[in-house]
Amino acid sequence: MIIGSNILFFKDLPSTNSHASHLLKNNRLAEGTIIRTNYQSAGKGYAGNSWESEDGKNLLISILLYPSFVKPTDQFCISMAICLGICDFIRRFIPDCSIKWPNDIYINNDKIAGILIENTIIADHIEYSIAGIGLNINQDKFISSAPNPVSLTQITGKTYDLSACLSELSKDFDIRYKQLIAGNTEPVRKEYISKLYRLNEWSRFKDANSVFTGRILTVGDYGTLIIENQDLEIRGYAFKEVEFIL
Ligand code: BTN
């Protein structure tokens, strides 16, 4: 296994992503090393948000990768593989989940996992990638202002062993990462698109100009979200250029 053969556990940390990057300053950690903690005092979310997670209840991890075979322009394939790995894990317990572009994992209309991938690009290659994942497992109440968090326990009513979950999740990531290594990015892309939240459904979005009704057609090069509006105009959006109205 590449992912998960080396797990470094810390009782608490400011953030597993920040700690991974700190460790990398002095050591070359093995590829696939997982930094795990029970509690983050400064958990980082997407777009400068924070990430809520009660002490000891959920999986908070960062995976260190050296995806030298991925061109910086194709870096979105790492997000796609990580999203699919989480979906593979969730399917062990719940029949279905979806991916809210670019990389939130949803059960119906609620968010069960968030991903923050930080790539360090030097010249024309990815030097390393820190894939941070917050996966809600046993938390039964959320107090932050996040609109729609949910956990596995809230859906199934069961409690889970976090270390056993991590061991299954690592296997799922490992399979997906090996698909990328083998050059099978097209099947990864197709599966990612097929699992998109609101794919082909008319729904509300907001861009820099207005709130509009549109439907997601696909994901284009560089991970742009391709949306058709009601005037049948088709546009690609980069990260942060469009929001879903939930
Ligand atoms: C999001 O906003 O949806 C992304 C959330 C990512 C949270 C995880 S928790 C483990 C890792 N360490 C962090 O500080 N953030 C990520």
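1. Let's start with the pocket. In this predicted model, the ligand takes up the space of the largest pocket. Four elements each give two or more residues to the shell around the ligand: helix 1 (16-26), strand 3 (59-65), strand 6 (110-122) and strand 7 (125-135). If you want one element to click on, pick strand 6, since the largest share of that shell, 4 residues, comes from there.

2. Now for who sits around the ligand. There are 19 residues around the ligand, and Ser15, Gln40, Lys44, Tyr46 and Lys111 come nearest. By type, the shell divides into 7 nonpolar, 9 polar and 3 charged residues.

3. Which atoms of Ser15, Gln40 and Tyr46 pair up with the ligand? For Ser15, an N or O atom in the side chain is 2.7 Å from an oxygen atom of the ligand. With Gln40 the side chain is again involved: one of its N or O atoms is 2.9 Å from a nitrogen atom of the ligand. Tyr46 uses its backbone, where a polar atom is 2.5 Å from a ligand oxygen. As for how much of the ligand is covered, the protein buries 98% of the 410 Å² that the ligand exposes when taken alone.

4. Stepping back to the whole fold, the protein chain has 5 helices and 12 strands. Its radius of gyration is 18 Å, close to the 18 Å that the globule rule gives for 246 residues, so the chain is as compact as a globular protein of that length. If you'd like dimensions for a figure, the C-alpha trace spans about 50 × 45 × 30 Å along its principal axes.

5. A couple of backbone spots deserve a look while you have the model open. The peptide bond joining Trp101 and Pro102 is cis, with omega at about 0°. You'll find Pro102 in the loop between strand 4 (98-100) and strand 5 (104-107).

6. The other spot is Asn108. This residue is not a glycine, yet its phi is positive, at about 50°. Asn108 is in the loop between strand 5 and strand 6, and strand 6 is the element already met in the first point as giving the largest share of the ligand's shell.

Conventions:
Residues are numbered from 1 along each chain as its sequence is written. This is a predicted model: local features need pLDDT of at least 70, side-chain atom pairs count only at pLDDT 80 or more; totals for chains, interfaces and linings use all residues. Side-chain values use heavy atoms; hydrogens and water are left out. A residue is near a molecule or strand if one of its heavy atoms lies within 4 Å of it. A polar contact is a pair of N or O atoms within 3.5 Å; within protein, one must be able to donate a hydrogen and the other to accept it, and residues adjacent in sequence count only if both atoms are side-chain atoms. Accessible areas come from the Shrake-Rupley method with a 1.4 Å probe; for residues, only the protein chains shown count as cover. On a 1 Å grid over the protein atoms alone, a cavity is a set of points where a 1.4 Å probe fits but cannot get out, and a pocket is an open set with protein on both sides within 12 Å along at least five of seven lines; lining residues have an atom within 4 Å of a point. A molecule sits in a cavity or pocket if more than half of its atoms lie within 2 Å of its grid points. Ala, Val, Leu, Ile, Met, Phe, Trp, Tyr, Cys and Pro count as nonpolar, Asp, Glu, Lys and Arg as charged, and the others, Gly among them, as polar. The radius of gyration is taken over C-alpha atoms; the globule rule is 2.2 Å times the number of residues to the power 0.38.
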